[in-house]
Amino acid sequence: MAQKKKAGTKDPNNHIIAQNKKARHNYNIVDTWEAGLVLMGTEVKSLRDGGASINDGFCQTYNGELWLEGIHIAEYGRGSWTNHAARRRRKLLMHRTEINKIDQKLRESGYTVVPLKLYFSNGRAKVEIALATGKRDYDKRQALRERQDNLEARRAMRYKNLG
């Protein structure tokens with residue numbers, strides 16, 4: 001018989017480990033993909049403890065394979081000599097057609113691939129990556145202004161409806 005989950009408990013097989021919140025502020029997102037990660041055992045244990053940062057991450061292609069660089073997965077505290085390097089290059093698992101499409105865009109000027117989210121899905125570590133173009137400073141200011149205006153408008157509507 002299947003066990004029922006209690007309300008308020010986290011499923012260890014499906015949760016977000018790290019998010020790159022600045023990526024959506026600094027880049028215009030063109031397209032997104034989900035990719036699997038090739039990890040060592042101590043990396044998976046460290047991820048389950050929540051020891052990861054993807055803020056400086058980016059993707060590149062080498063020999064027809066897509067690699068994730070610049071992310072930090074902390075060393076596992078109870079690991080031994082088999083522990084991993086914290087900032088090593090990690091291979092991404094994607095279909096060949098998707099990798100070719102990304103590689104073609106990366107060869108063009110102005111495109112980069114950044115990680116948006118690192119999470120577990122059905123017990124497997126996944127990363128959401130995005131093809132992006134950089135925003136200019138005035139675009140960032142315009143986006144902040146629009147967000148602030150929308151917030152003020154919602155706040156005014158809420159106060160008007162209350163009284």
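The expected span of a helix is 1.5 Å times one less than its number of residues. This rule can be tried on helix H3 of this predicted model.

**Helix H3**

H3 covers residues 96-107, twelve residues in total. At 1.5 Å a residue it should span 16 Å, and its end C-alpha atoms are 17 Å apart, which agrees.

Which residues of H3 are buried? They are Ile99, Ile102 and Asp103. Seen down the axis of H3, these buried residues fall within an arc of 100 degrees, so they line one face of the helix. An α-helix has 3.6 residues a turn, so residues three or four places apart point the same way. Thr97 and Gln104 are exposed, on the face of H3 turned away from its buried side.

The buried residues of H3 pack against five strands, listed here with their residue ranges where H3 contacts are described.

| Strand packed against H3 | Residues |
|---|---|
| S4 | 58-62 |
| S5 | 65-69 |
| S8 | 111-121 |

S2 and S9 are also among the packing partners of these buried residues.

**The largest pocket**

The largest pocket has a volume of about 150 Å³. Strand S2 (27-37), helix H2 (41-48) and strand S9 (124-134) each give two or more residues to its lining. S9 gives the most, with three residues.

The lining residues include Gly36 and Leu37, Val44 and Arg48, and Arg124, Ala125 and Lys126. Leu39, Leu93, Phe120 and Gly123 also line the pocket. By type, the lining divides into six nonpolar, two polar and three charged residues.

S2 and S9 thus appear in both parts of this report: they contribute to the pocket lining and pack against the buried residues of H3.

Key
Residues numbered from 1 in each chain as written. Predicted model: local features only at pLDDT ≥ 70, side-chain atom pairs only at ≥ 80, totals over all residues. Heavy atoms only, no water. 1 Å grid on protein atoms, 1.4 Å probe; cavity = no way out; pocket = protein on both sides within 12 Å on 5 of 7 lines; lining within 4 Å. Points joined across faces, edges and corners; volume = space filled by probe spheres on them. Helix = DSSP H or I, 4+ residues; strand = E, 2+ residues; numbered from the N terminus. Nonpolar A, V, L, I, M, F, W, Y, C, P; charged D, E, K, R; others polar. Buried < 20%, exposed > 50% of the residue type's maximum accessible area, 1.4 Å probe, protein only. Arc of directions from axis to C-beta. Contact = heavy atoms within 4.5 Å.
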